[in-house]
Amino acid sequence: MARRSSGVVDAGASGYPPGGFSPADPWDSPDEKGRRGKRGGGSGGGGGDRRGWGGSGGRWFIYVGRVVLWAFLIVVLVNGVRAPFDRFTADRSNPTTTSDTSKPKFPEAAASAYALSFAGVYLNYDQATAADRPKLLAPFLAGGLDPQLGWDGTGKSVLQSAYVASVRATDAEHGVVTLLTRANGRLFQLAVPVYAKDGAMAITGRPAMLPPPATASVPAVAQDRDSALESEIQQPLNDFFKAYAASDAGSLQRYSDPPVTGLGASVTFGQIKEIIAPRGDAASRTVTTTVVWQIPAGQPKTSGGTLEQTYQLTMVKKGGYWFVRDIQASTLPAGS
């Protein structure tokens, strides 16, 4: 029996199949794998088939794995770069972020009520009761302020009215509440500095008197008036306003649709001074009407007299008759 050549590696000794085939390193390049195959020797057909099957199949799995790995790395890298940029642009486009809204704000409503209550003491004084003023002001004033808050103890002042005009906050604890006030027959604004923290408040200094808002110059409104309609609705509106003054439900149902409520006899109807009906839709118009009311005499705090008021009426035409659909105050400037 012929002995096998000593140049061939014994399969039993090496653990590899005949032909010198050994597992290729999956991370080797194709050239390196080729060189390994050549060094391994062997010319049998079976050995060649095994090398082709093992090498080509391994490379496909490696290439697919590398593609998946690189795709994953690219996605992670892109998201990591984009996330800070998205947060930055969102903060720039929307300054009101969660952190901003969570910050404490100056309590405008509470400070306004506090300033109004303070003004009731500050603008009401009388030299006959000058000694009482520091006691009344004390609950409002921060420590170290003049107990009379600048008043010399002479004269008299009476506050007729005070309303909040605006609030200007400099931070979460400091603000200025501006009141529109009428005192001693004069209209002016009073700016009151208020300090607020943890529900407690104090007036931090002397208020400042400011001029009232300027009177606006209202432009004239030119209208193409429908004189025929103004004449047509004169009598129906006379009857409507009589019923409106007295809250006559039966008559209001005849002249308004849906029926409106009235003034409960707080005034009586005098006359209609003016009707302005612009041209427009044949079945719907917005009419401006100036009415003269008579103020009842003999009631507490009344002494009679007349008062003119201007109304805006939404009117609709049904079955040949005009009805009042809605009654509101007019925004048009009064003619006279």
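Begin by selecting Lys197, which stands opposite Ala200 in strand S6; strands here, like helices, are DSSP runs numbered from the N terminus, with at least two residues (E) for a strand and at least four (H or I) for a helix. Before going further, note that this is a predicted model, in which local features need pLDDT of at least 70 and side-chain atom pairs count only at pLDDT 80 or more, while totals for chains, interfaces and linings use all residues. Residues are numbered from 1 along each chain as its sequence is written, and side-chain values use heavy atoms, with hydrogens and water left out.

Widen the selection to strand S5 (residues 186-197) and strand S6 (residues 200-203), which pair in the antiparallel sense over four bridges; strands count as paired if DSSP finds at least two bridges between them. Two residues lie between the strands of this hairpin, and Asp198 takes a positive phi near 55° there.

Now zoom out to the whole protein, where nine helices and 11 strands are found. Of its 336 residues, 26% count as buried, a word that means under 20% relative accessible area, with exposed being over 50% and partly exposed in between (1.4 Å probe, protein chains only).

Next, select helix H5 (residues 108-122) and find Ser112 within it. Ser112 is buried, with a relative accessible area of 10%, and, leaving aside residues up to four places away in sequence, Ser112 touches Val164, Val167 and Val177, where contact means heavy atoms within 4.5 Å.

Move on to strands S9 and S10, which pair in the antiparallel sense over 11 bridges, and pick out Val291, whose bridge partner in S10 is Gln309. S10 also pairs with S11 in the antiparallel sense, over eight bridges, and the partner of Met315 in S11 is Val324. In the hairpin of S10 and S11, which has two residues between the strands, select Gly319 to find a positive phi near 60°.

The aromatic rings come next, and the structure holds 13 aromatic pairs; rings of Phe, Tyr and Trp (its six-membered ring) pair if their centres lie within 6.5 Å, with planes under 30 degrees apart called stacked, over 60 edge-to-face and the rest tilted. Select Phe269 and Trp293, an edge-to-face pair at 6.4 Å centre to centre with 75° between the planes. Phe269 lies in strand S8 (residues 268-276) and Trp293 in strand S9 (residues 284-294), so this pair ties together parts that are 24 residues apart in sequence. Add Tyr311, whose ring centre is 6.3 Å from that of Trp293 with the planes at 85°, so this pair is edge-to-face too. It joins distant parts of the chain, with Trp293 in S9 and Tyr311 in strand S10 (residues 306-318), 18 residues apart. Both Trp293 and Tyr311 are buried.

To see the cluster linked by ring pairs, select Phe240, Phe241, Tyr244, Phe269, Trp293 and Tyr311 together.

Finish with the largest nonpolar core, of 25 residues, in which Leu237, Phe240, Phe241, Tyr244 and Trp293 touch the most other members; such a core is a set of buried Ala, Val, Leu, Ile, Met, Phe, Trp, Tyr and Cys residues joined through side-chain atoms within 4.5 Å. Helix H8 (234-246), helix H9 (249-255), S8, S9, S10 and strand S11 (321-329) each supply at least two of its residues, and H8 gives the most, with six. Apart from this core lies another, of 24 residues, including Ala115, Leu123, Leu159 and Val192.
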